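Trainee: Please pick a single part of this one and give me a close look at it, then work outwards to whatever else deserves attention.

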Amino acid sequence: MEQIDFEYLFSIPPYSLDRKEKAALYDSSLKKLSVHHCQNCRAYQRIISIAGENAPIPVRLFKEYELRSIPSEQVVKTMTSSGTTGQQVSKIYLDRETSVRQSKVLSKIVSDFTGKARLPMLIIDSKAVLKNRNMFSARGAGILGFSMLGRDLTYALDEDMEMDWPAVEAFCEKYRDQNVFMFGFTYMIWQHFYQPLKKQNKQLPLKGVLIHGGGWKKLQNSAVDIEEFRTGLMQVTKLEKVLNYYGMVEQTGSIFIECERGHMHCSNYSDIIIRRPQDFSVAEQGERGLIESLSLLPTSYPGHILLTEDEGEILGEDDCPCGRKGKYFKVYGRMKGAEIRGCSDTYERR
């Protein structure tokens, strides 16, 4: 395919392109990607012949079709979406170039919030989730991707999803009152990390940042909102930042992180459009609708323009008080009637 200038994109800050610059980039790049996928993925070509040029693919189609734009022998990693028992899962096929590109972008985005230095990392999960390195669930892929951004990786939970107190206490002793990087999935952090600490009235002497995402459905059912989550985690640690992120296995790497002002941000590598669910027309700023997610990264599968099952609202563009350029938005969760899935929603205690 005619190449997108990733070398240039990787050389500039991840939130540096304004509306005009980004529109020009995406207009040309998405056309190149669509031509590439039409030429190399027959199923995508059939979809576009019916839906029209640059039409978004519903994420659910990845459950029903094998959508890849490379020969099977070039697949180095297959990632699967979350799914409860009996549900079909999406399969996302990565070649080496796409996988490396996704890792680079994830690093660029996260380091904008955590700093360039690799911090000691506490992962609020069990190492047991990383069983098959060639086929990852959304949860495993998230852990593996974020773990590359830290050092001295320590898992806070054992194989039974219970707090591994010796491991956590040793980590705290080593990095007491130092900046650390903590990562996990929202529901599991609350259920298996926050609640045991709260029950024992403990506070971990760890400063720094926690990034979390996925699994809001169970917390909402328990009447826990994002502010209560953030406040609770800051009470049982000395963390200065607790930041939520939004992303999906179908566009790994192109995550949207919540800034210090509480807004989800589009980076140079990804964008969103809000569509009215009645007719899929483009909604106005401040109008709620379905999130269409755009990414420049996937060349091994047609994941560059996806229609999610999530409801969101664009709050503004290029003028967030945090200083980052690009669109910033709010996610409200699954549209009513959409299939429920989330990285940690599918976890069940054994």
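Mentor: Let's settle one word before anything else: contact means heavy atoms within 4.5 Å. Bear in mind that this is a predicted model, where local features need pLDDT of at least 70 and side-chain atom pairs count only at pLDDT 80 or more, while totals for chains, interfaces and linings use all residues. Residues are numbered from 1 along each chain as its sequence is written, and side-chain values use heavy atoms, with hydrogens and water left out.

My pick is Ser-293, which sits in strand E13. Helices (H or I, at least four residues) and strands (E, at least two) are DSSP runs, numbered from the N terminus. Ser-293 counts as buried because its relative accessibility is 0%. The cut-offs here are under 20% relative accessible area for buried, over 50% for exposed, and partly exposed in between, with a 1.4 Å probe and protein chains only. If you skip residues up to four places away in sequence, Ser-293 touches Met-248, Gln-251, Phe-256, Asp-271, His-304, Ile-305, Leu-306 and Thr-308. Go ten residues along the chain to Gly-303, and its C-alpha atom is 9.2 Å from that of Ser-293.

One of those partners, Met-248, belongs to a core of 30 residues that also includes Ile-47, Met-264 and Ile-272. By nonpolar core I mean a set of buried Ala, Val, Leu, Ile, Met, Phe, Trp, Tyr and Cys residues joined through side-chain atoms within 4.5 Å.

E13 also helps to cover helix H2: the cover over the buried residues of H2 includes helix H1 (6-11), helix H3 (42-51), strand E12 (270-275), strand E13 (289-295) and E14. Those buried residues are Lys-22, Leu-25, Tyr-26, Ser-29, Leu-30, Leu-33, Ser-34, His-36 and His-37. The spacing should look familiar, since an α-helix has 3.6 residues a turn, so residues three or four places apart point the same way. The length of H2 (residues 19-40) checks out too: at 1.5 Å a residue, its 22 residues should span 32 Å, and the end C-alpha atoms are 31 Å apart, which agrees. That expected span is 1.5 Å times one less than the number of residues.

Now follow E14 (residues 305-317), which pairs with E15 in the antiparallel sense over seven bridges. Two strands pair if DSSP finds at least two bridges between them. Ile-314 has Phe-329 of E15 as its bridge partner. E15 (residues 327-334) also pairs with strand E11 (residues 264-265), antiparallel again, over two bridges; there, His-265 is matched with Tyr-328.

Next, the other core. The largest nonpolar core has 69 residues, and Phe-146, Phe-181, Phe-193 and Leu-233 make the most contacts inside it. Helix H8 (residues 186-199) gives the largest share, six residues. Beyond its neighbours within four places in sequence, Phe-146 is in contact with Leu-106, Val-110, Met-121, Phe-181, Phe-183, Ile-211, Tyr-245 and Ile-255. Leu-106 and Val-110 are among the buried residues of H5, and the 19 residues of that helix (96-114) should span 27 Å at 1.5 Å a residue, which agrees with the 27 Å between its end C-alpha atoms. Just past H5, Gly-115 takes a positive phi of about 95°.

There is also an open sheet of six strands, ordered E6-E4-E7-E8-E9-E10 with mixed pairing. Strand E6 (150-157) and strand E10 (256-257) are its edges, each pairing on one side only. E4 (residues 119-126) and E6 pair in the parallel sense over five bridges, with Ile-123 opposite Tyr-155. Helix H7 (residues 165-174) lies across E4, E6 and strand E7 (179-185), at about 145° to E6; axes are lines fitted to C-alpha atoms, for helices over the stretch in contact, and angles run from 0 to 180 degrees between N-to-C directions.

Check the loops around H7 as well. Met-161, between E6 and H7, has a positive phi of about 60° without being a glycine, and at 4% relative accessibility it counts as buried. Asp-177, between H7 and E7, likewise has a positive phi of about 60° and is not a glycine, but its 39% relative accessibility makes it partly exposed.

Last, confidence: pLDDT, the predictor's confidence in each residue from 0 to 100, has a chain mean of 89, with 90% of residues at 70 or more. Over residues 339-350 the pLDDT is below 50, although this stretch has 44 contacts in the model beyond near neighbours in sequence. Where pLDDT is low, the predicted coordinates should not be read in detail.
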